[in-house]
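This briefing sets out the strands, the nonpolar interior and the aromatic contacts of one protein chain. Please read it alongside the sequence and the structure shown here.

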Amino acid sequence: MFFKACVLLSVCAGVFGHDPSEMYPNSNKLADGFMLYWKVMGSEITFELHATMAPGGWAGIGFSKNGTAMYPADIAMGFVDPMHKGHCLDASTSMHAMPAIDAHQDYTLVKAAYDHGELSVAFSRQLNTHDGDDVVIHSGPMNVIWAYGGINATSTLPQYHMTHRGGKQITLVMAGSPVGK
């Protein structure tokens with residue numbers, strides 16, 4: 001019986017990946033092998049993504065202005081470069097193409113790591129950045145999009161995600177929650 005329990009725990013660990021780096025009151029399985037964790041603290045929100053993938057990839061989430069379509073949207077992408085340094089890029093989309101990097105970077109990288117087949121990246125931003133390229137994160141359902149892909153070996157920037165994408169409505173901030181200052 002003990003052996004069966006150990007096998008079951010090993011299988012579940014492979015399916016659900018690693019635990020987040022800290023306690024998050026909210027989580028959502030975006031896709032098989034792709035988890036989103038988040039917390040709101042005052043006027044700031046922190047996200048942590050966990051994506052099962054081969055080395056040298058990126059993972060991102062965004063907030064669509066058009067349902068669950070990839071554009072127009074406000075995007076955050078995180079990755080670990082070949083020198084093992086973490087990055088978080090604030091970007092936006094206006095067409096069906098790779099996001100354009102925003103002139104003003106409103107996300108702050110908290111951590112990024114690649115370990116045993118899983119990319120984990122955490123980043124934070126203000127709910128309202130007052131940046132025209134960013135979507136205000138508000139109470140109630142929001143159109144959250146997600147994607148992941150490889151990194152261009154020459155530029156070390158994210159490549160197009162191909163079919164590794166999706167979207168759904170998620171309530172990031174509960175109605176009635178104190179938001180902002």
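Two strands are said to pair if DSSP finds at least two bridges between them. In this predicted model, strand 1 and strand 2 (residues 34-41) meet that condition with five bridges, in the antiparallel sense. The chain as a whole contains one helix and 11 strands, and its order along the sequence is α-β-β-β-β-β-β-β-β-β-β-β.

**Overall features**

- Of the 181 residues in the chain, 43% are buried.
- The accessible surface amounts to about 9,700 Å², and carbon and sulfur atoms account for 60% of that area.
- When contacts between residues at least 6 apart in sequence are considered, 53% of them join residues at least 24 apart.

**The five-stranded sheet**

- Five strands form an open sheet in the order 1-2-3-9-8, with antiparallel pairing.
- Strand 1 (26-31) and strand 8 (108-115) are the edge strands, each pairing on one side only.
- On average, neighbouring strands in this sheet are turned by 15° against each other, direction ignored.
- Where strand 1 meets strand 2, asparagine 28 stands opposite leucine 36.
- At the other edge, strand 8 runs antiparallel to strand 9 and is joined to it by seven bridges; alanine 112 has valine 121 in strand 9 as its bridge partner.
- Strands 8 and 9 form a hairpin with two residues between them, and histidine 116 in the turn has a positive phi of about 50°.

**Strand 4 and its partners**

- All eight of the eight residues of strand 4 are buried, so this strand is largely enclosed by the rest of the structure.
- In a regular strand, side chains alternate between the two faces of the sheet.
- In strand 4, Gly57, Ala59, Ile61 and Phe63 point one way, while Trp58, Gly60, Gly62 and Ser64 point the other way; all are buried.
- Strand 4 pairs with strand 10 in the antiparallel sense over seven bridges, and isoleucine 61 has tryptophan 146 of strand 10 as its bridge partner.
- Strand 4 also pairs with strand 5 in the antiparallel sense, over seven bridges; here glycine 62 stands opposite isoleucine 75 in strand 5.

**Nonpolar cores**

- The largest nonpolar core has 29 residues, and those with the most contacts inside it are Phe47, Ile61, Phe63, Phe123, Ile137 and Leu172.
- Two or more residues of this core come from each of strand 1, strand 2, strand 3 (44-52), strand 4 (57-64), strand 5 (73-80), strand 9 (118-126) and strand 10 (141-150).
- Strand 3 supplies the largest share of this core, with four residues.
- A second, separate core has 11 residues, including Trp58, Ile75, Ile145 and Ile151.
- Leaving aside residues up to four places away in sequence, isoleucine 61 touches Leu30, Leu36, Phe47, Leu49, Asp74, Ile75, Ala76, Phe123, Ile145 and Trp146.

**Surroundings of leucine 49**

- Leucine 49 lies in strand 3 and is buried, with a relative accessible area of 0%.
- Apart from residues up to four places away in sequence, leucine 49 touches Phe34, Met35, Leu36, Ala59, Gly60, Ile61, Leu119, Ser120, Val121 and Phe123.
- The C-alpha atoms of leucine 49 and alanine 112 are separated by 9.4 Å, although these residues are 63 residues apart along the chain.

**Aromatic pairs**

- The structure holds seven aromatic pairs.
- The rings of phenylalanine 34 and tryptophan 146 have centres 5.4 Å apart and planes at 75°; because planes over 60 degrees apart count as edge-to-face, this pair is edge-to-face.
- Phenylalanine 34 belongs to strand 2 and tryptophan 146 to strand 10, so the pair ties together parts that are 112 residues apart in sequence.
- Phenylalanine 34 and tryptophan 146 are both buried.
- Tyrosine 107 and phenylalanine 123 form another edge-to-face pair, at 5.4 Å centre to centre and with 85° between the planes.
- This second pair links distant parts of the chain, 16 residues apart: tyrosine 107 lies in the loop between strand 7 (100-101) and strand 8, and phenylalanine 123 lies in strand 9.
- Tyrosine 107 and phenylalanine 123 are likewise buried.
- Ring pairs link Phe47, Phe63, Tyr107 and Phe123 into a cluster.

Methods: Residues numbered from 1 in each chain as written. Predicted model: local features only at pLDDT ≥ 70, side-chain atom pairs only at ≥ 80, totals over all residues. Heavy atoms only, no water. Buried < 20%, exposed > 50% of the residue type's maximum accessible area, 1.4 Å probe, protein only. Contact = heavy atoms within 4.5 Å. Areas by Shrake-Rupley, 256 points an atom, 1.4 Å probe, with all protein chains shown as cover. Axes fitted to C-alpha atoms, helices over the stretch in contact; angles between N-to-C directions. Core = buried A, V, L, I, M, F, W, Y, C linked by side-chain atoms within 4.5 Å. Phe/Tyr/Trp six-rings, centres within 6.5 Å; stacked < 30°, edge-to-face > 60°.
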